[in-house]
Amino acid sequence: MPELPEVEAARRRVAKAVAGSRIRSAEAVHDPVVFRGITARRLAAALVGRRVKAVGRRGKHLWLELDRRPWPAFHFGMTGSFAIYDEPAKRPRFWRLEIVFAGGRRLAFSDPRRFGRIRLQDDPATEPPISLLGPDPLLAPPTARALAAILARRKAPLKAVLLDQSVFAGVGNWVADEILYQARLSPLRKASSLTAAEIARLRRTLLAVVRRAVLVGADSDRFPRAWLFHTRWGRTQGATTTRGEAIVHATVGGRTTAWVPSRQK
């Protein structure tokens with residue numbers, strides 16, 4: 001599932017490819033699951049003739065800022081993604097929206113499993129669901145004091161709190177596991193039980209993991225070899241980290257969680 005680093009990488013690719021370009025035409029395959037409160041015809045009509053001024057993001061949400069409102073906003077869900085190409089034959093399978101720009105460049109949003117969402121909004125950042133999100137760790141990380149106040153009110157397991165999008169916008173399953181592994185904190189700990197030193201360590205690690213993943217364009221092959229990411233997937237019996245530490249898999253906050261009890265306390 002795309003998380004903050006993957007969506008930020010997509011934002012940068014899209015901005016580089018189409019920012020400043022005018023939309024020549026748009027075609028949408030209406031899907032009442034993916035499209036929220038709009039029809040394919042209305043979406044296309046809102047885009048044609050508009051110029052893309054910028055591409056915004058908060059958490060796992062992304063939107064195109066046009067020279068006239070409303071703007072299209074996207075949530076990738078589990079399998080949503082953008083494709084950028086110049087030849088019509090390269091349009092991806094399972095596409096829901098294709099935008100053609102002056103000059104011939106094309107941008108398509110596809111979603112095989114249909115957990116993604118497309119909306120038209122006057123100001124996505126100030127309207128639900130984006131307005132309901134917590135701070136984005138890349139754009140507006142909370143201070144240690146603010147984080148301490150948040151955690152002090154939470155009795156839920158630390159992993160579940162990290163996954164709460166009203167706490168941290170964009171932190172998903174693998175990011176949360178990586179943060180906790182590197183911060184040496186158990187995902188089962190009550191969030192309110194952390195000491196001031198542990199909260200400071202959690203914050204430093206959160207920022208470091210997100211920034212490093214974004215720096216390499218969310219290319220997992222370029223993540224440090226010591227990261228849990230490379231060995232956390234699945235529930236393989238006897239799985240170990242690259243350091244040789246035994247990995248345990250459990251369900252925390254409704255999500256499969258990989259962690260190392262010998263390291264995370």
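This tour moves from a sheet to its helices, then to a buried histidine and the aromatic rings.

The model is predicted: local features need pLDDT of at least 70, side-chain atom pairs count only at pLDDT 80 or more, and totals for chains, interfaces and linings use all residues. Residues are numbered from 1 along each chain as its sequence is written, and side-chain values use heavy atoms, with hydrogens and water left out.

**The sheet**

Select β2, β3, β4 and β8. They form an open sheet in the order β2-β3-β4-β8, with antiparallel pairing. Strands here are DSSP runs of E, at least two residues, and helices are runs of H or I, at least four residues, both numbered from the N terminus. Two strands pair if DSSP finds at least two bridges between them. At the edges are β2 (52–58) and β8 (117–121), each pairing on one side only. Neighbouring strands are turned by 20 degrees against each other on average, direction ignored.

Zoom in on β3 (residues 61–66) and β4 (residues 71–75). Three bridges join these antiparallel strands. Leu-62 stands opposite Phe-74 in β4.

**The helices**

Add helix α1 (residues 4–18). It lies across β2 and β3 and runs at about 175 degrees to β2. Axes are lines fitted to C-alpha atoms, for helices over the stretch in contact; angles run from 0 to 180 degrees between N-to-C directions. Next, show helix α2 (residues 40–47). It packs on the sheet, touching β3, β4 and β8, and its direction makes about 55 degrees with that of β8. Contact means heavy atoms within 4.5 Å.

**His-61**

Go to His-61 in strand β3. Is this residue buried or exposed? His-61 counts as buried, at 10% relative accessibility (buried is under 20% relative accessible area, exposed over 50%, partly exposed in between; 1.4 Å probe, protein chains only). Beyond residues up to four places away in sequence, its contacts include Val-7, Gly-56, Phe-74 and Leu-133.

**Aromatic rings**

The structure holds 11 aromatic pairs. Rings of Phe, Tyr and Trp (its six-membered ring) pair if their centres lie within 6.5 Å; planes under 30 degrees apart are stacked, over 60 edge-to-face, the rest tilted. Select Phe-82 and Phe-109: edge-to-face, 5.5 Å centre to centre, 65 degrees between the planes. Phe-82 is in β5 and Phe-109 in β7, 27 residues apart. Phe-82 is buried at 13% relative accessibility, and Phe-109 is buried at 1%.

Finish with Trp-174, Phe-223, Trp-227, Phe-229 and Trp-233, which form one aromatic cluster. Arg-232 lies over the face of Trp-233, at 4.4 Å from the ring centre (CZ of Arg or NZ of Lys within 6 Å of the ring centre and within 35 degrees of the ring normal).
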